Amino acid sequence: MKKLLIISTNTIHVVNYIHLIRDYFDEIHLITNTKEEIFFYGDVKISYTDFSIRNPISFYKSIGFIRNIINKENPSIIHVQQITNNAFLTILANRKKNIPAIYTAWGSDVLINPNKSFLLSKMIKYILRHAQYFTSDSKFMSDVMDKMAGRKLNTLIANFGINIECSKIAEKQNVIYSNRQLKKLYRIDKIIEAFARFMLNKKSNDWKLIIGADGEEILVLKALTKKLKIENSVDFVGWLNKEQNSYYYNVAKYYISIPESDATSISLLEAMALGCIPILSDLPANREWVEHGRNGIIVNNLNHNFIEEALKIDYNAAIDINSRIIAEHGTKEANREKFIKFYEQIISKAL
């Protein structure tokens, strides 16, 4: 009987991942930190504990809680999502039993968090140096992990994948779409400024910038559109559900995302799958998906008219290239096969 113990904060990403690999396991037990009634896990067994490590009492209590479930369930494999507190607790809880365990890094885990504090950096390095198996959604992030660990890690490069909606629900329009959170990290202000430069060269106002999502910068960003006199060409549509998000991918010709730091974003894969030419910040993870000038634009100068540059790309050729890339590396089916193969290799070694 194949049993998976997954340990993660309670997020939609974990819900989606569990559904991705659910059929491979006979039983799945999730240890998480909070109840989220809107999430549907099916017949997954769920236990709750506090992943905080600040309070010594809570810290040792959580280690004991995770250890007891490991001993009771005796899983075939443990999979920890995120290289943060819950990963640290799991390593300590699993010392004696030593069940094979995989640790999945999310972008902020190794690209941002180590710079926040000395202790956080030490904890992440400890995890990387003491765990045996890892997954990362980009080769770049895997290389960063190797460097932090001071050794070559056993890391699978895979993402959680997307469902490709093949049927077109709308005709393409002169729309540029951004759906990253309205936080400073994502530099939505630079997108608005770039759109203003782009519109200066247009004889008519037939282009729209659609800004999805929400965040603390919303009022500042709306004020910026008024200052630049493009408020009639920029629509803030707020937080969108899956269907609304898909609609804007479908109508948009271009997708723009220029954060300061990022790993592989699911929104990029969705945009590529639904016929948007991506305009991306110059980050190593983005270069794993886009070749500048061929199937998208890599922006290394935020003051250039990079949106106008994107219009020079052969649109149909770029869409064909992106469709092939997503089919091979971005779908749920392709990535499910990668994760299952990794599980099989690890479980067979432990037998």
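**Close-up views of a predicted model**

**View 1. Helix H10 and its cover.** The buried residues of H10 are Ser267, Leu268, Leu269, Ala271, Met272 and Ala273. The model shown here and in the views below is predicted. H10 spans residues 266–273. This helix is mostly covered, with 6 of its 8 residues buried. What lies over these buried residues? The cover includes three helices and two strands: helix H9 (242–251), helix H11 (284–287), helix H13 (315–329), strand S11 (254–257) and strand S12 (277–281). Just past the end of H10 comes Gly275, with a positive phi of about 85°.

**View 2. The open sheet of 6 strands.** The strand order is S10-S9-S8-S11-S12-S13, and the pairing is parallel. Which strands form the edges? They are strand S10 (234–238) and strand S13 (297–299), and each of them pairs on one side only. On average, neighbouring strands of this sheet are turned by 20° against each other, direction ignored. Look next at the S12 and S13 pair. These two strands run parallel and are joined by 3 bridges. Within this region, Ser281 stands opposite Val299 of S13. Helix H9 also belongs in this view. H9 lies across strand S8 (175–178), strand S9 (208–212), S10 and S11. Its direction is at about 140° to S8. H9 also appears in View 1, as part of the cover of H10.

**View 3. The open sheet of 7 strands.** Here the order is S3-S2-S1-S4-S5-S6-S7. The pairing is parallel. Strand S3 (45–48) is one edge, and strand S7 (154–157) is the other. Each edge strand pairs on one side only. Neighbouring strands of this sheet are turned by 20° against each other on average, direction ignored. Strand S1 (residues 3–7) pairs with strand S2 (residues 27–32) in the parallel sense, over 5 bridges. Ile6 stands opposite Leu30 in S2. Which helix packs on this sheet? Helix H14 (residues 332–350) does. H14 touches S1, strand S4 (77–81), strand S5 (101–104), strand S6 (133–136) and S7. The direction of H14 makes about 175° with that of S6.

**View 4. Helices H5 and H6 where they cross.** Two packed helices are described by the angle between their axes and the distance between the axes. H5 covers residues 118–130, and helix H6 covers residues 139–149. Their axes come within 8 Å. They cross at roughly 95°, so H5 is roughly perpendicular to H6. H5 brings Ile124, Lys125, Leu128 and Arg129 to the contact. H6 brings Met145, Met148 and Ala149. How many of the contact residues are nonpolar, polar or charged? There are 5 nonpolar, no polar and 2 charged residues.

**View 5. Leu153, in the loop between H6 and S7.** Is Leu153 buried or exposed? It is buried, because its relative accessible area of 5% falls under the 20% cut-off. Leaving out residues up to four places away in sequence, Leu153 touches Leu128, Phe134, Met145 and Asp146. Leu128 and Met145 also take part in the contact of H5 with H6. Asp143 lies 10 residues from Leu153 along the chain. The C-alpha atoms of Leu153 and Asp143 are separated by 8.9 Å.

**View 6. His130 of helix H5.** The side chain of His130 reaches the backbone oxygen of Tyr126 at 2.8 Å. Which residues does His130 contact, leaving aside its neighbours within four places in sequence? They are Ile91 and Arg151. Gly215 is 85 residues from His130 along the chain. Their C-alpha atoms are separated by 37 Å.

**View 7. Ser62 of helix H2.** H2 runs over residues 56–73. Ser62 has a relative accessible area of 1% and is therefore buried. Its side chain makes a polar contact with the side chain of Thr49, at 3.4 Å. Not counting residues up to four places away in sequence, Ser62 touches Thr49, Asp50 and Leu89. Thr49 thus appears twice here: in the polar contact and among the residues that Ser62 touches.

Key. Residues are numbered from 1 along each chain as its sequence is written. This is a predicted model: local features need pLDDT of at least 70, side-chain atom pairs count only at pLDDT 80 or more; totals for chains, interfaces and linings use all residues. Side-chain values use heavy atoms; hydrogens and water are left out. Helices (H or I, at least four residues) and strands (E, at least two) are DSSP runs, numbered from the N terminus. Contact means heavy atoms within 4.5 Å. A polar contact is a pair of N or O atoms within 3.5 Å; within protein, one must be able to donate a hydrogen and the other to accept it, and residues adjacent in sequence count only if both atoms are side-chain atoms. Buried means under 20% relative accessible area, exposed over 50%, partly exposed in between (1.4 Å probe, protein chains only). Two strands pair if DSSP finds at least two bridges between them. Axes are lines fitted to C-alpha atoms, for helices over the stretch in contact, and angles run from 0 to 180 degrees between N-to-C directions. Angles under 35 degrees count as roughly parallel, over 145 as roughly antiparallel, 65 to 115 as roughly perpendicular and the rest as oblique. Ala, Val, Leu, Ile, Met, Phe, Trp, Tyr, Cys and Pro count as nonpolar, Asp, Glu, Lys and Arg as charged, and the others, Gly among them, as polar.
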